[in-house]
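User: Hi! I am new to protein structures and would like to learn how to read one. Could you take me through it feature by feature?

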Amino acid sequence: MTIELYGLELHGFHGVLEEEREQGQRFLVDLELELETDTAARAAASDRIEDALDYRDVVQAVQQVSDERAYYLLEAFAGALADMLLERFPLTRARVRVRKPDVVLEAPVEHAAVVVDRRR
């Protein structure tokens, strides 16, 4: 079973430029989380939040990683999120995409993004 959470909006102080680290900016986080088989089966059979992966806990954990440290690179931020998710929750896989929608480059782009896909 895969849980998808897309477009989680964070305000973070990640980036290489001094103004990014001082003023902060928006980041959008997309998650694909594969549950361990036992957890998925239990949640589907019981229909109880106590047996499931609570999305509120996932969002809080992602916000905590973002708030605890300012990362220079999207690669490091996305990797830290994937590692934390696999450590903290009953998952077999965490695919994390971090998008930086307000990135300033010479040519306009919709966003810059990094995808990290980790398995246990």
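**Reading the model step by step**

Analyst: Happy to! Let's begin with a single residue: Asp47 counts as exposed, because its relative accessibility is 71% and the cut-off for exposed is over 50%. Keep in mind that this is a predicted model.

User: Where is Asp47 found in the chain?

Analyst: Asp47 lies in the loop between α2 and α3, and α2 is followed by this residue. One more thing to look at is its backbone: phi of Asp47 is positive, about 60°, although the residue is not a glycine.

User: Let me step back. How many helices and strands does the chain have?

Analyst: There are four helices and four strands. Reading along the sequence gives you the pattern β-α-β-α-α-α-β-β. For the overall dimensions, picture a box of roughly 50 × 25 × 20 Å along the principal axes, which the C-alpha atoms fill. Of the 120 residues of the chain, 42% count as buried.

User: What share of the contacts joins residues at least 24 apart?

Analyst: Here we look at contacts between residues at least 6 apart in sequence, and 61% of them join residues at least 24 apart.

User: Now the helices. Why do residues three or four places apart in an α-helix point the same way?

Analyst: An α-helix has 3.6 residues a turn, so residues three or four places apart point the same way. Try this on helix α2, residues 37-46, where Thr39, Ala40 and Ala43 are buried. Looking down the axis of α2, you find these buried residues within an arc of 100°, so they line one face of the helix. The face turned away from that buried side carries the exposed residues Thr37, Asp38 and Ala45.

User: What covers the buried residues of α2?

Analyst: The cover includes β2.

User: Which residues are buried in α3?

Analyst: They are Val58, Ala61, Val62, Val65 and Ser66. Their arc around the axis is only 135°, which puts them on the same side of α3. Turned away from this buried side is the face with the exposed residues Arg56, Gln60, Asp67 and Glu68. As for partners, the buried residues of α3 pack against β1 (2-12), β2 (25-35) and α4 (74-88).

User: What span should α3 have, going by its residues?

Analyst: A helix is expected to span 1.5 Å times one less than its number of residues. For the 14 residues of α3 (55-68) that should be 20 Å, and the end C-alpha atoms are indeed 20 Å apart, which agrees.

User: Is there a residue in α3 that falls between buried and exposed?

Analyst: Take Gln63, which has its place in helix α3. Gln63 has a relative accessible area of 34%, so it is partly exposed. You can also compare sequence and space: Gln63 and Lys100 are 37 residues apart in sequence and 15 Å apart in space, C-alpha to C-alpha.

User: Last topic, pockets. What volume does the largest pocket have?

Analyst: Its volume is about 210 Å³. To read a pocket, look next at what lines it: there are 13 lining residues, and the closest to the centre are Leu17, Glu20, Lys100, Val103 and Val104. Helix α1 (residues 18-23) gives the largest share of the lining, three residues.

User: How many nonpolar, polar and charged residues does the lining have?

Analyst: The lining of the largest pocket has six nonpolar, three polar and four charged residues.

Technical notes
Residues numbered from 1 in each chain as written. Predicted model: local features only at pLDDT ≥ 70, side-chain atom pairs only at ≥ 80, totals over all residues. Heavy atoms only, no water. Helix = DSSP H or I, 4+ residues; strand = E, 2+ residues; numbered from the N terminus. Buried < 20%, exposed > 50% of the residue type's maximum accessible area, 1.4 Å probe, protein only. Arc of directions from axis to C-beta. Contact = heavy atoms within 4.5 Å. 1 Å grid on protein atoms, 1.4 Å probe; cavity = no way out; pocket = protein on both sides within 12 Å on 5 of 7 lines; lining within 4 Å. Points joined across faces, edges and corners; volume = space filled by probe spheres on them. Nonpolar A, V, L, I, M, F, W, Y, C, P; charged D, E, K, R; others polar.
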